[in-house]
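I opened my notebook today to see what a structure can tell me when I go through it bit by bit. Come along and look things up with me.

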Amino acid sequence: MLSSLHVKNLALIEEEQIELNEGLNIMTGETGAGKSIILGSINIALGGKVSADIIRKDAEYALTELVFTVDDAGKISQLKEMDIADIEEGEVIISRKITKTRSPIKVNGITCTPSQVKKIASVLIDIHGQHDNRLLLKESSHIDMIDLYGAEQIEDIKIKYTSLYKEYRDLCDKLEHMDMDEESRRREISFLEYEVDQITSANLMEGEDEELEAEYKKMSNSRNIIEELSRTNLILTEGEANVSDMLGQAVKSMSVVSEYDKDMESIVDDLANIEDRLGDVICSISNYARNCVYDPMQFEEISSRLDLINSLKLKYGKTIAEILLYATNQQKKLFELNNYNDVVNNLKEMIEEKKGKLQEISEKLTKYRIKSAKGLCQNISEGLKELNFLNNQFETEFTIKENFTSNGCDDVKFMISTNIGEPVKPLSKVASGGELSRIMLAVKTVMAGKEDTQTLIFDEIDAGISGRTAQMVAKKLKSLSVNHQIICITHLPQIAAMGSTHFMIEKNVINDHTTTSIVELDEDASIMELARLLGGSQVTETVMSNAREMKKLASLND
């Protein structure tokens with residue numbers, strides 16, 4: 001669940017620390033008080049778009065931080081797979097610091113990209129806003145809901161279908177690429193033969209370029225090498241005060257000392273070993289110098305070979321391994337073009353074979369989807385009755401497409417009738433704004449168990465509703481909060497009364513600065529806020545009495 005929200009210097013918020021609870025968390029406030037800022041701060045932390053002008057006036061930066069408590073072993077395992085640090089502690093801290101130039105996001109102290117954070121957030125929280133209502137009108141999303149609802153049976157067969165469809169499309173693309181006239185085929189064969197011959201005639205060997213480059217570097221710097229070898233030889237053996245002679249003198253001197261003091265014998269041995277080792281080094285340097293002969297012809301051969309290899313790299317690959325792989329692929333294409341009719345006929349046979357298997361699997365997928373849709377629609381319909389759609393019909397319309405797609409052959413859309421005697425029609429043709437909010441709540445309620453997201457946020461779920469319908473929506477949210485943490489921003493007293501925790505968002509002017517604050521209300525303050533929602537600017541004793549009664553009735557639903 002979302003344990004806390006910390007916001008600093010964001011829009012009108014100076015600094016607020018909000019401790020959230022399990023159950024139904026309600027947020028209310030006057031229009032324009034800043035309720036959207038609270039939801040916006042959560043979206044920003046979770047990777048939403050942000051601009052520098054969101055930073056509070058005269059502040060250097062803005063900060064929004066979310067703390068999630070995770071106690072589900074399955075979710076912890078999912079988050080581990082996303083490489084979240086210290087997730088074993090069961091805590092996920094997502095923070096975003098916004099400056100004029102940057103807005104990095106950190107998860108448990110590790111910087112993440114917005115796309116990574118959105119993936120993490122999908123495991124932790126589901127935010128429902130007006131966009132989700134519009135998504136419900138998008139018919140292409142309906143099949144995804146059906147697949148999620150029936151995932152236990154559908155997921156495995158979708159994986160098989162997706163894999164087979166990719167093989168089928170690859171074959172179709174290959175056949176399409178093979179479609180050419182005789183003249184084009186001849187030109188392609190000629191071009192492939194040229195490329196393959198150019199690579200094979202080079203007789204490339206993996207690793208030879210590195211060896212040649214090392215040898216080229218050595219030969220092109222042979223003059224400097226010889227000069228430095230001469231200088232080293234002078235220092236070690238040929239100069240008036242060379243190292244070899246001085247080290248020999250040191251050994252003799254210490255040998256005399258050791259005759260008088262046996263403790264010095266080990267030092268003499270060490271010096272003698274150094275003298276022997278120096279002799280080996282001098283010998284190695286001499287041998288190297290004798291063999292270090294610059295051969296112009298050999299140097300020219302190495303240069304030419306490197307030029308050839310580098311020219312092939314420019315055309316066919318960055319490494320010799322890539323060049324050889326390119327040649328293998330081109331040889332395969334050449335074989336196919338030289339055996340054009342056989343290859344095309346074979347591709348057509350393979351495509352027909354894949355089509356037959358796809359047809360079989362897609363029919364099975366359709367069968368499972370119809371079964372899943374039936375259960376989903378039945379549950380949504382029951383949920384809609386609890387939201388004052390007493391005589392609704394909610395069902396799906398399946399149409400089978402002529403061609404295979406990446407998602408099967410099914411074209412699916414939700415159909416609804418909200419009144420007796422009216423035929424079912426596409427959801428987009430029937431539902432008003434308020435009806436759409438209730439339908440989405442029914443869908444969210446049904447899908448909540450399937451998606452297994454512990455925290456759900458509802459913004460403007462009460463749009464376009466009032467009276468008895470509002471009361472039914474409130475009961476539905478309360479019911480949903482038994483197994484989920486619900487955070488609901490609302491302006492309806494019927495919904496606000498159901499809250500197990502009630503926050504009030506208000507705007508104040510302090511020292512000529514406008515500030516938005518959020519406070520958790522105790523029961524008396526909650527009743528006062530309910531009275532404001534009921535009576536507006538005129539909070540009479542009658543209104544207060546109604547607010548108390550509403551709070552009392554709401555407690556009976558606990």
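Here are my entries, sorted by topic.

**Before starting**

I remind myself that this is a predicted model.

**Entry 1: the nonpolar cores**

I began with the inside. In soluble globular proteins, nonpolar side chains tend to be buried together. I looked up the largest nonpolar core and found that it has 53 residues. The residues with the most contacts inside this core are Leu376, Phe394, Ile439, Phe458, Leu477 and Cys488. Which helix gives the most to this core? I found that helix H16, residues 433-451, does, with nine residues. There is also a second, separate core of 44 residues, and I noted Val7, Ile44, Ala59 and Ile487 among its members.

**Entry 2: salt bridges**

Next I turned to charged pairs. How many salt bridges does a search of the whole structure find? The search gives 24. I picked a few to look at one by one.

My first pick was Lys313 with Asp209, where the closest N and O atoms are 2.9 Å apart. Lys313 belongs to helix H12 (residues 296-316) and Asp209 to helix H8 (residues 208-220), so this pair ties together parts that are 104 residues apart in sequence. Are these two residues buried or exposed? I wrote down that Lys313 is buried and that Asp209 is buried as well.

Then I took Glu228 and Arg231, whose side chains meet in a salt bridge at 2.7 Å, N to O. Both residues sit in helix H9, three residues apart, which is about one turn of the helix. I checked their accessibility too: Glu228 is partly exposed with a relative accessible area of 43%, and Arg231 counts as partly exposed at 43%.

Another pair is Glu265 and Lys262, with 3.5 Å between the closest N and O atoms. Here Glu265 is partly exposed, with a relative accessible area of 36%, whereas Lys262 is exposed, at 57%. Exposed means over 50%, so Lys262 passes that cut-off.

I also came across a network of salt bridges that links Glu182, Glu183, Arg185, Arg186 and Arg187.

**Entry 3: patches on the surface**

Now I moved to the outside. I found a patch of negative charge on the surface where Glu19, Glu520, Asp522, Glu523 and Asp524 gather. I followed up one of these residues, Glu523, and found it in helix H19, residues 523-535. Glu523 counts as exposed, with 52% relative accessibility.

Positive charge has a surface patch as well, made by Lys160, Lys364, Lys367 and Lys371. Which helix gives the most to the positive patch? My note says H14, with three residues. As for Lys160, I located this residue in helix H6, residues 151-178. Lys160 is exposed, and its relative accessible area is 56%.

There is a nonpolar patch on the surface too. Ile235, Val243 and Met246 make this patch, and its area is about 250 Å². I traced Ile235 to helix H9, residues 222-238. With a relative accessible area of 49%, Ile235 is partly exposed. Exposed starts over 50%, which means that Ile235 stays in the partly exposed class.

**Entry 4: backbone angles**

I then looked for positive phi values in residues other than glycine. Asn9 is not a glycine, yet its phi is positive, about 55 degrees. Asn9 is part of strand S1, residues 2-10. Is Asn9 buried or exposed? Asn9 is buried, with a relative accessible area of 12%.

Asn388 is another residue with a positive phi, near 75 degrees. I found Asn388 in the loop between helix H14 (340-385) and strand S9 (393-405). At 23% relative accessibility, Asn388 counts as partly exposed.

**Entry 5: a proline and a distance**

My last look-up was Pro426, which is found in strand S11, residues 425-426. Pro426 is buried, and its relative accessible area is 17%. Buried means under 20%, so Pro426 falls in that class. How far apart are the C-alpha atoms of Pro426 and Asn391? They are separated by 17 Å, and the two residues are 35 residues apart along the chain.

Definitions and conventions
Residues numbered from 1 in each chain as written. Predicted model: local features only at pLDDT ≥ 70, side-chain atom pairs only at ≥ 80, totals over all residues. Heavy atoms only, no water. Patch = residues over 30% accessible without salt bridge, like charges linked within 9 Å, V, L, I, M, F, W, Y side chains within 5 Å. Areas by Shrake-Rupley, 256 points an atom, 1.4 Å probe, with all protein chains shown as cover. Salt bridge = Lys/Arg side-chain N within 4 Å of Asp/Glu carboxyl O. Lys, Arg positive; Asp, Glu negative; His and termini not counted. Charge placed at Lys NZ, Arg CZ, Asp CG, Glu CD. Helix = DSSP H or I, 4+ residues; strand = E, 2+ residues; numbered from the N terminus. Buried < 20%, exposed > 50% of the residue type's maximum accessible area, 1.4 Å probe, protein only. Core = buried A, V, L, I, M, F, W, Y, C linked by side-chain atoms within 4.5 Å.
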